[in-house]
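User: I'd like to learn how to read a helix and a domain interface in a model like this. Can you walk me through it?

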Amino acid sequence: MRTVDIPVQTPYQVRIGKGILARGGELLHLVHAPCAAAVISDSNVFPLYGPTLLEGLEKAGFRAFPFVFPAGEESKNLEVFGRAEAFMIRSGLTRADLAVTLGGGVAGDLGGFAAACFQRGIPFVQFPTSLLCAVDASVGGKTAVDLPEGKNMVGAFHQPSLVVCDTGCFATLDSLRFADGAAESIKHGLIADPKLFDRMLSPAWREDLEETVEMNVLVKRSFVLGDEKDRGMRQLLNFGHTLGHAVESLSDYRLSHGQAVAIGMAAEARAARKMGFGKVHEKEILAALRACGLPSQSPFGAEEILEKALRDKKRAGNTLTVGALADIGQGFLKKLTLEEFDAFVRLGVEA
Ligand SMILES: NC(=O)c1ccc[n+]([C@@H]2O[C@H](COP(=O)([O-])OP(=O)(O)OC[C@H]3O[C@@H](n4cnc5c(N)ncnc54)[C@H](O)[C@@H]3O)[C@@H](O)[C@H]2O)c1
């Protein structure tokens, strides 16, 4: 088992290993005394991994109360959030108890936000089961739900107390979902770690998933430390997301997060090349996306993407900040005026 320390204000550890889900209760016991635990999971993941997790939690003295919501981004909303809160009250949870999320980024974001708000905040522990959640969403403490007006519009910063990532769970992900995680991993390589980017071009990343997850967690940690509230360099993690989120939301979430981010990275790199900022490796990016089975061309036009992206919460007054690349592994932030952003979207979307 690999362990990565995340020394934020309230430090926690990310445990990574094949088969460690069964040891979840034991690992949780090391950081929290036995208590009631709301296990927030989705309808695909819970039948596969819920019984193993529950058995381990109960063996370690925790009383588990499963809350299972319909799988998919459509559930990451205020209605399901409200049901989770009501469920925790009805299950008798108090401020001395905790929430456990079991699933992908949706379970993590929704369950984390439910924990952040329940009686003004209880601890939560993440058991990521999708590659995307393991390499990205489970670390850093961003929790949220979507509104019809846009993604992640209501949320809170709430760091987990522990992350337990059983890489064995990825075996049941379909190839599309597996590729979603690869998109975030390519992004991490591009903005901060050339070795990780190279790894994503070869089969190595799939052969040793523990190492791949660890490399990603280390990149994510480097951005989270010192910028827990996402006001500075952490915004670089949004490389590909400014346009990606717009595409994802325009598709009504038929495009997965990873596919949308892949399209966003290709478009943002293309735009940066055409506008002459950064030393952009558009060809390498396209090769990596192709190698991982990810798309690169937007099915939506510049006009609709612009409208959606301008509502993005990352807009600050009359400027928008986007991620760009000085080189592979060296991201930087670029502030654009609204006029420049208009050109950025148009140049990125047009081939
Ligand atoms: N908080 C953050 O920092 C952060 C970062 C990146 C993404 N996100 C969020 O994460 C979400 C996307 O995450 P996701 O792709 O994991 O979505 P998801 O949670 O919807 O999981 C994708 C699908 O895979 C299924 N699944 C998950 N694990 C499985 C397994 N082991 N076996 C079989 N099926 C499994 C789920 O049931 C779901 O149908 C988005 O809402 C995005 O905004 C958050």
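Analyst: Sure, let's start with a helix. Bear in mind that this is a predicted model. Helix α2 covers residues 45-59, 15 residues in total, and spans 21 Å between its first and last C-alpha, close to the 21 Å expected at 1.5 Å a residue.

User: Where does α2 bend, and by about how much?

Analyst: Look at Pro51: α2 bends there by about 30°. Just past the helix, α2 is followed by Gly61, which has a positive phi, near 100°.

User: Which residues of α2 are buried?

Analyst: For burial, count neighbours: 20 or more other C-beta atoms within 10 Å makes a residue buried. In α2 that picks out Val45, Phe46, Tyr49, Leu53, Leu54, Gly56 and Leu57.

User: And what do the buried residues of α2 pack against?

Analyst: A mix of helices and strands: α1 (24-29) and α4 (105-117), plus β3 (36-42), β4 (63-69), β5 (98-103) and β6 (124-128).

User: Now the domains. How is the protein divided?

Analyst: Into domain 1 (2-172) and domain 2 (175-349). Their centres, taken over C-alpha atoms, are 25 Å apart.

User: How do I read the interface between them?

Analyst: Interface size is often quoted as accessible area lost when the parts come together. Here, go by contacts: 30 residues of domain 1 touch 27 residues of domain 2. On the domain 1 side, the elements giving two or more residues are β1 (2-6), β2 (12-17), α5 (131-137) and β8 (150-157). α5 gives the most, with 5 residues.

User: What about the chemistry of that side?

Analyst: The domain 1 residues there split into 15 nonpolar, 8 polar and 7 charged.

Methods
Residues numbered from 1 in each chain as written. Predicted model: local features only at pLDDT ≥ 70, side-chain atom pairs only at ≥ 80, totals over all residues. Helix = DSSP H or I, 4+ residues; strand = E, 2+ residues; numbered from the N terminus. Expected span 1.5 Å × (residues − 1). Bend = angle between axes of the 7 residues up to and from the residue. Buried ≥ 20, exposed ≤ 12 C-beta atoms within 10 Å, placed from the backbone. Contact = placed C-beta atoms within 7 Å. Domains from an automatic or database assignment. Nonpolar A, V, L, I, M, F, W, Y, C, P; charged D, E, K, R; others polar.
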